[in-house]
2 protein chains.
Amino acid sequence: MATTTAAQRREQARADYDAFLRACPSHQLLGRLSDKWVGLVIAALSGGTKRYSDLGRQIAGVSPKMLTQTLRTLERDGIISRTVTPSVPVRVDYDLTPLGTSLATLLTAVKDWAETHFEEVRAARERYDTENPT
Amino acid sequence: MATTTAAQRREQARADYDAFLRACPSHQLLGRLSDKWVGLVIAALSGGTKRYSDLGRQIAGVSPKMLTQTLRTLERDGIISRTVTPSVPVRVDYDLTPLGTSLATLLTAVKDWAETHFEEVRAARERYDTENPT
DNA sequence: CAGGATCCCAGCTGATACTG
DNA sequence: CAGTATCAGCTGGGATCCTG
């Protein structure tokens, strides 16, 4: 025996890794933040309470499905709050919770870093591309 | 006519949005950071210089392909440096650049936020799930 | 107005095999 | 040792149609 192939070991490692990732808060958060629409939604809500259709209009190109999906996961995570007003067309307002606000702060920090260093990154890319014409 | 359907308008909006996103540094950065392996690689390299196979071993479950791909994009962005030593088996060392180090700092900030607030998120999820048995 | 349900395609991921 | 090349599978996201 001892036929522990590299593949088997990697498979095992992957299982461990997956379990680890699922339990890893920072990675979960990263996944959330980078989710295609999450950043936009949070940014939009930083401007105050918004209705569903306001968000749909303000965030260019989002489909109803993705908007709803995004809002739902954010609501589930306690990042935003959803308020239904049973008037005659229904009215639903979304807002940032305190937790969401603190997350928005973090997002701003990331944005600042990006804006500060983006020129460096751009230059690095250009250098790399001219050096590796592939 | 004026048959500008909702779909058409969304399509147009989507084009604008895509162009916007491609030009948006913070969103690009977010995408990078949340990339499945990027966080792990940066974390691994925070411990100092590492060889290709070291990284492959330290990061459980990564395939050679993804490891290479991740390293390449990070190198292109000027986040890590790649040093080839043409000995008789070849030897390649990876390291964080100053830019990469500052990014690692940001990553740490995200990690701290996640660890600080994860319990709140977990609680919010539990509440949401018990309230919405679907 | 605010969504739910369904179908479907593209792209990324990963496994495997091969090379300088 | 440090990759590259190829192929298959899955999942995310959008389009579309429908409801309370």
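The lining of the largest pocket is made up of 13 nonpolar, six polar and two charged residues, where Ala, Val, Leu, Ile, Met, Phe, Trp, Tyr, Cys and Pro count as nonpolar, Asp, Glu, Lys and Arg as charged, and the others, Gly among them, as polar. The model is predicted, so that local features need pLDDT of at least 70 and side-chain atom pairs count only at pLDDT 80 or more, while totals for chains, interfaces and linings use all residues. Residues are numbered from 1 along each chain as its sequence is written, chains are lettered from A in the order in which they are written, and side-chain values use heavy atoms, with hydrogens and water left out.

The largest pocket (an open set of points on a 1 Å grid over the protein atoms alone, where a 1.4 Å probe fits, with protein on both sides within 12 Å along at least five of seven lines; lining residues have an atom within 4 Å of a point) has a volume of about 420 Å³, that is, the space filled by probe spheres set on the points, which are joined across faces, edges and corners. Among its 21 lining residues, A:G39, A:L40, A:A43, A:K111 and B:S26 are the closest to the centre.

B:V121 belongs to helix α6 (residues 98–131) of chain B, helices being DSSP runs of H or I of at least four residues, numbered from the N terminus. B:V121 counts as buried, at 8% relative accessibility, since buried means under 20% relative accessible area, with a 1.4 Å probe and protein chains only. Apart from neighbours within four places in sequence, B:V121 is in contact (heavy atoms within 4.5 Å) with A:D77 and A:L99.

Note on methods
Helix = DSSP H or I, 4+ residues; strand = E, 2+ residues; numbered from the N terminus. Buried < 20%, exposed > 50% of the residue type's maximum accessible area, 1.4 Å probe, protein only.
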